[in-house]
Amino acid sequence: MDASHLSIREINSLFTKKELKPSELYSKVFENAANSEAALHAHLTLFEEENIKKAAESDKRFSNDESASLLDGIPIAIKDNINIKNYKTTCSSKMLSNYTSPYDATVIEKLKEQNALFTGKTNLDEFAMGSSTENSAFGLTKNPWNTDYVPGGSSGGSSASVGARSSIAALGSDTGGSIRQPASFCGLVGFKPTYGTVSRFGLVAFASSLDQIGPITKTVDDARIIFSSISGEDSRDATSVINNQLDLPSDNTATIGVIKELMEDGISDEAKNEVNKVIEILKSKGYKVKEISIPIIKLSISIYYLIAPAECSANLARFDGVRYGLRVDGNTSYEMMENTRAEGFGSEVKRRILLGTYALSAGYYDEYYGKALQARKEMIDEFAKSFKDVDYLISPTTPTQAFKSGEKTNNPLEMYMSDLCTIPANLAGLPAISIPTGLSKDELPLGVQVMSRPLSDNSLLDFSEIIENEVQFDGQPKGWL
Amino acid sequence: MSLKPTIGIETHIELNTNTKMFCRCAVVDTDEPNISLCPTCIGLPGALPVPNKKAIEFITLLALSTGCEITSKGMFHRKNYFYPDLPKNYQISQFDLPVGLNGELEIVIDENKDYIQIERVHMEEDTGKSSHSGSGRIESATSTALDFNRSGVPLVEIVTKPVISSSKQAVAYIEELRQLSIDLNISEGRLEKGNLRFDANISVAPEGSTELGTKVEIKNMNSLRSLERAIDYEIQRQTKAFEEGVEIVQETRHWDENKEMTSTMRSKEGSADYRYFSDPDLPDMLLSEDFIAEVETLMPLLPKAQREELMTTGLSLSQSNILSKSDEWIKKLYVKVFDQTKDSVASYNWITGELQGQMRKANIEVLPEWFNDGYLPEIIELIKSDKISFTSAKIILTEILTTDTTPSKVAEENNLYQENDSEKISEMINQIIQENQDIVDRIKSGEDKLVGFLVGQLMKQSNGSVNPGMAKELLLKELED
């Protein structure tokens, strides 16, 4: 039996029954990495050596019946914009290619407390800006289902790794869909929790008001386990919230809304079919399903591409060559900073910094950033209104299946459109999940997205698990395993 | 045509909190660089700011003490500009929703009160410190050393409306603000340590004109003396330019302490567009009524009220002002001495004149512990009742500042009590007259100034115990007879 295909709970049960040792699973996961990394490039760095001792410690805890954590001995891949003490955090940028973090992110501290193991740091679009993991200074990542295709992004390394079973689960970050879209492209579950439920301390900021850490896993239950391990109020993150969960029905007393604007033009038939398939199943189980219109969703991309770049233009200002990271010399301090930033950042990052700087400039603020904030507020209100009528909102996760590597690299606008369905949840701070539901005619995974009101994450997971069980998606990428 | 200068002052006061504004690093007072740092205050990737409640309390206190309206929902804003000692290359500050708006501060110049209108009171985090080698300025430095101990230390910025019209007023304003911050116990108020730093905006316009002239910002004034001189210099420079028809350009000028002149730092063309926007890492600054009420309870007796109280003892406004700006122990001592003597002028003169003068001369910083609150009243009483001379009183004070004794003991041991018995004095006078018949003759023939010689002889013979006033009076009477 290959334990790397199992869920966390199944693995833990084998560990507890002493039918499997953490070190055995560990070897298996690295064997998978050895088989897949050359073709996929999911990880930027693998922590194989340094984890052998930790795996042995897990072995010992299980053999002494001393383990109290579901994550004990579970190999988890970490997106390389999340700090692990004494390891590099590169954000897939030349700017930070030599940067080692002196501290742990809160989520890493929490996973360490539960004795999870880290397989390594995974590839991403530079500073999490992108939808294909092609904007990495260290080479692109491929989709484990078909290496001609992108794994999605920006957490493409994390999704490719879980897809190829070189980790059991992974952490990603989601600013406009960066967890859900790659999860969908790789046939996995991707969960973006309610904004503020998971601490951002130690996550290298892209757009602070939108960024959220979350899991990419094979099952909804795995996502639940990781979410409950990493969430909680953090005194080091002023935007973190007390995780007081709302209780929504997940059984057929729940009402489901289908977002009209995400079932129209611009969405492929294949993507719509997956939603319709799920709706039919839910209806047959007795759920009430209705169409919900949220017109402002059509403005999502415009709002997002003002707010996210504006925030990123300030967040990325600290990379100047003065204190850490890349330094390219110059004749004066300012010249040094200019040279460093010119050479350290890739073109997509520069594009967004310029866009954001422009949107915040005197004379343009009101017209661009100010208006975007206003529209964002309206969107939050519109979602709140919808949630008076329905418990969950359903839509495709992505307008299409995964696209081919290189297909959209020269057309940023088209690339941005692939986040159309996922961006609203970030703008409104909602919990949102992508569940794999089927395959396209190209044999590539497709998924549906479910959203619910803020702080109803647990109910959303429960409801998603029902869909997962009904749909019975059991696809696995072939060739690596 | 006569010109009228208009001045506005921006002051930064370093708050004396234990820890920094957005991290829990200690605020340190040391020349050893870079010893109080953490990921947040040096802007490491992934680090986040968490506000210091104490600092917000202090800023609110200052805003209340200057009669500002308090903003119930304040905001933190990012002020974006690149500078090597600014770790994030943005400064967390406040923009359109500062803690306090529209206040006023009473100042005193000689025997007159004046009122300076305050535009706003807001929070700002401090930057690090740059030491440029090869030149004092970054543009021409050969290298720059950075110390981030100060980075993130909380500041309160107080901006006046353009209502100041002279350097004298400006100095009185800073003196008042400094004392206020000390009395509020929110700052050490030490100018030489940079606890208070100020910039001035200066313009000149024809008397009676409703429009202000082009304003010029003056930086790098490190003392009250340089504030005064820089303002005077700049008014003169602008006046001359105006009279000669030379255009005054909007710019920032640097005060050169050695050359005693201002010179161009940067013109408006090169000045920054700070691209302020609300910091997405920080929730709104909610200053509830309860919080404000709590802060109100910390309000001490303000300098203005102190002056009013002191004036009820009989002191003039300027005397009260000087006392209100003296060290706490001096203020307290005055109240105690006045309570016992009911003589405001003698109490004031003895404390601010003789006592402080002798202490300065003898390098005594604090009163010795034996120095009883009753000593000065005792000395004042001895003089008033003619028991000792003013000269003796000074000797007594010198003695009790250095030796654990009492004024009466010193007077006794040194035979400083004056003879006030006119019969005894007359006896001595007769003896002196007999012994100095030749002098008496010369006096009688018109050499009046020799009277002093005889008094001197009398004092000498009595070891200074004779009341000199009485002695002179009796001697003259004797000579007339």
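These are my notebook entries on the cores, the chain contact, a helix pair and a small sheet in a predicted model.

**Entry 1: nonpolar cores**

I began with the nonpolar cores and found that the largest has 200 residues, with Ile76(A), Tyr392(A), Ile59(B), Val156(B) and Tyr173(B) making the most contacts inside it. Helix H9 of chain A, residues 300-315, supplies the largest share of this core, namely nine residues. I also noted a second, separate core of 24 residues, which includes Tyr348(B), Ile380(B), Ile388(B) and Ile400(B).

I then asked which residues Tyr392(A) touches once those up to four places away in sequence are not counted. The list I obtained is Ala254(A), Ile256(A), Val450(A), Met451(A), Ser452(A), Leu460(A) and Phe463(A).

**Entry 2: contact between the chains**

Turning to the contact between chain A and chain B, I recorded 33 residues from chain A and 27 residues from chain B. On the side of chain A that touches chain B, the elements giving two or more residues are H9, helix H10 (333-344) and helix H11 (347-360) of chain A. H9(A) gives the largest share of that side, three residues, and I note that this helix also gives the largest share of the 200-residue core. Sorted by class, the side of chain A that touches chain B has 15 nonpolar, 11 polar and seven charged residues.

**Entry 3: a helix pair in chain B**

Next I looked up helix H7 (residues 328-341) and helix H8 (residues 344-361) of chain B, whose axes come within 9 Å and cross at roughly 145°. I logged the crossing of H7(B) and H8(B) as right-handed. From H7(B), the residues in the contact are Ile330(B), Leu333(B), Tyr334(B), Val337(B), Phe338(B) and Thr341(B), and they meet Ser344(B), Ala346(B), Ser347(B), Tyr348(B) and Ile351(B) in H8(B). The residues of this contact divide into eight nonpolar, three polar and no charged. Tyr348(B), on the H8(B) side here, is among the residues I had listed for the second core.

**Entry 4: a three-stranded sheet in chain B**

Finally, I traced an open sheet of three strands in chain B, with the order S5-S4-S15 and antiparallel pairing. Why is one side of S5 and of S15 left without a neighbour in the sheet? Strand S5 (90-93) and strand S15 (277-278) of chain B stand at the edges and each has a single partner strand, so one side of each lacks a neighbour in the sheet. Strand S4 of chain B, residues 77-80, is joined to S5(B) by four bridges, and the two run antiparallel. Within this pairing, I noted that His77(B) has Ser93(B) in S5(B) as its bridge partner.

Methods. Residues are numbered from 1 along each chain as its sequence is written. Chains are lettered from A and ligands numbered from 1 in the order in which they are written. This is a predicted model: local features need pLDDT of at least 70, side-chain atom pairs count only at pLDDT 80 or more; totals for chains, interfaces and linings use all residues. Axes are lines fitted to C-alpha atoms, for helices over the stretch in contact, and angles run from 0 to 180 degrees between N-to-C directions. A crossing is left-handed if the near helix is turned anticlockwise from the far one by less than a right angle, and right-handed if clockwise. Two residues are in contact if their C-beta atoms, placed from the backbone, lie within 7 Å. Ala, Val, Leu, Ile, Met, Phe, Trp, Tyr, Cys and Pro count as nonpolar, Asp, Glu, Lys and Arg as charged, and the others, Gly among them, as polar. Two strands pair if DSSP finds at least two bridges between them. A nonpolar core is a set of buried Ala, Val, Leu, Ile, Met, Phe, Trp, Tyr and Cys residues joined through C-beta atoms within 7 Å. A residue is buried if 20 or more other C-beta atoms lie within 10 Å of its own, exposed if 12 or fewer, and partly exposed in between; C-beta atoms are placed from the backbone.
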